[in-house]
Amino acid sequence: MPMREWRRSTVLPSFLFDLRQRERTVMAPGTTSLAHERAVELSGDESLVEGPLQGYHHETYVVTLPAAGRGRWKCREPRPGLLWFDRRCFASEEQLIRALEGRIEGIPGLVPDLPERSDLQRFIEGSTLGTLYRSGSEIPFALFEQIVALFSQLVEVKVDSINVPRTCSPDDRPADGDTAGFMERLIVFTEREVYLRNMPDFEVLFHGLGLGGDPFGNLRERVSGLTARPFCLLHADLHRENFVVDAEGRLWTIDWELAMFGDPLYDLATHLYLMRYPADQERWMTKHWCEAVEKVAPGSSDGWETDLPRLLSYKRAQSVFADVIRTALSLEAEGRSSRERLLVAAGDRILKVLAAGAEPLGSKVPSLEKVTAALRGWLGVRGLASRHAAAFRAPTGA
């Protein structure tokens, strides 16, 4: 049996990951979706369709296309009503991948010579790095070297060197080297699109966790004074589930949906934050990254000693809001009895991210009892709102 590219797009706590795995890999008999219908149509044989794969942004199936030659391909559709926690830059992941062919090694190819199938990416047969080496564990040097090589190739891709449509408006793009402006755009996105946009649904929970008021003022002070560095292409989501190791030990990089142009040190900070290397290997990655990018694009590591801790502070602060929302929603999706059983585990997860983000956000770390009480109170408000909505929709006399 071939190994599978078995992955998820965001790093989740283990009990939430197990929940989402059950939700996204099991379909009730007789149910279907646009992505599944399209996969069956492409393959011509429903028994040959594999999936859905785990993934946050898309519902994905694996299909075989006889006209495309050897290999299998990913057929996917965006999940409706999805919450976005990260800023995006490019209109099409597939267009970006096509533009990077020959420039970045180990990226999934697209269907050749079939323009009508240009949105299908090759399915990489292998195991994710996270499957082989769990978070917090050391990875072999042969794979470590390939990650360093990837960073070297990324810093070579400059803003004006590829022609791919971008979604961000020109006035939302900092000038090359303006690392302070780049960081401000990231903070603005987190503040407006994650915190304020979700405030109507999560205000009770945010305030119960001590995240009310203006948590972003302290964050802006914490990350101020960044050194200028030449911009390049960033993957911006390099964690263990976005690396696939094939049977020959080659490392493939998948999920380019969050790629953007910006500060190269931010890509390293995101990578270190998500990879959870042991301390020694984290120091080695930082050292090798600095040496590798300086050979290709001098100045890319300028000021890293002071700026890397600042960028890591932003990542910890960003994760607070994303993880609180994800954890709360996953808990709400559980049945009443399971919800109460998982409440302490959910509270412990939130407590950990609150503690990690307390310094950059200037917030206080609550007790576990206060966190679970805030979750329970939010769930109560949500349940009451749902009952009121159902009563409002009921016909008169029902």
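A contact here means heavy atoms within 4.5 Å. With that in hand, let's tour this predicted model, starting with the whole chain and then moving in on a handful of close-ups.

**Figure 1. Overview of the protein chain, with its 13 helices and nine strands.** Among the contacts with a separation of 6 or more, 76% are between residues 24 or more positions apart. The chain has 398 residues, and buried residues make up 53% of them.

**Figure 2. The second largest pocket and its lining.** Here you are looking into about 430 Å³ of space. The lining has 23 residues, and those closest to the centre of the pocket are Arg88, Phe90, Ala91, Thr167 and Glu257. Three elements each give two or more residues to this lining: strand S3 (73–78), helix H3 (93–100) and helix H6 (179–196). Helix H6 gives the most, with five residues. By residue type, the lining holds 13 charged residues, seven nonpolar ones and three polar ones.

**Figure 3. An open sheet of four strands.** Follow the strands across in the order S1-S2-S3-S4, and you will find that the pairing is antiparallel. Strand S1 (50–53) and strand S4 (121–122) stand at the edges with a single partner strand each, so one side of each has no neighbour in the sheet. Strand S3, which also gives residues to the lining of the second largest pocket, pairs with S4 over two bridges in the antiparallel sense. To find this pairing in the view, look for Lys74, whose bridge partner in S4 is Gln121.

**Figure 4. A cis peptide bond between Gly51 and Pro52.** Most peptide bonds are trans. The bond that joins Gly51 and Pro52 is cis, with omega at about 5°. Pro52 belongs to strand S1, one of the two edge strands of the open sheet.

**Figure 5. Positive phi at Ala236 and at Arg276.** Most residues other than glycine have a negative phi. Ala236 is not a glycine, yet its phi is positive at about 70°. You will find Ala236 in the loop between strand S6 (232–234) and strand S7 (243–245). In the companion view, Arg276 has a positive phi near 55°, and it too is a residue other than glycine. Arg276 sits in the loop between helix H9 (264–275) and helix H10 (279–296). Are these residues buried or partly exposed? Ala236 has a relative accessible area of 7%, so it counts as buried. Arg276 counts as partly exposed because its relative accessibility is 36%, which lies between the 20% and 50% cut-offs.

**Figure 6. Thr327 in helix H11 and its contact with Asp323.** Helix H11 covers residues 304–333, and Thr327 is found in it. Which backbone atom does the side chain of Thr327 reach? The backbone oxygen of Asp323 is the one, at 2.6 Å. Thr327 counts as buried because its relative accessible area is 1%, and buried means under 20%.

**Figure 7. Glu41 in helix H2, with Val63.** Our last stop is Glu41, found in helix H2 (residues 34–43). Glu41 is exposed, with a relative accessible area of 67%. Val63 is 22 residues from Glu41 along the chain, and the C-alpha atoms of the two are separated by 9.8 Å.

Methods. Residues numbered from 1 in each chain as written. Predicted model: local features only at pLDDT ≥ 70, side-chain atom pairs only at ≥ 80, totals over all residues. Heavy atoms only, no water. 1 Å grid on protein atoms, 1.4 Å probe; cavity = no way out; pocket = protein on both sides within 12 Å on 5 of 7 lines; lining within 4 Å. Points joined across faces, edges and corners; volume = space filled by probe spheres on them. Nonpolar A, V, L, I, M, F, W, Y, C, P; charged D, E, K, R; others polar. Buried < 20%, exposed > 50% of the residue type's maximum accessible area, 1.4 Å probe, protein only. Polar contact = N/O pair within 3.5 Å; in protein donor to acceptor, adjacent residues only side chain to side chain. Pairing = 2+ DSSP bridges.
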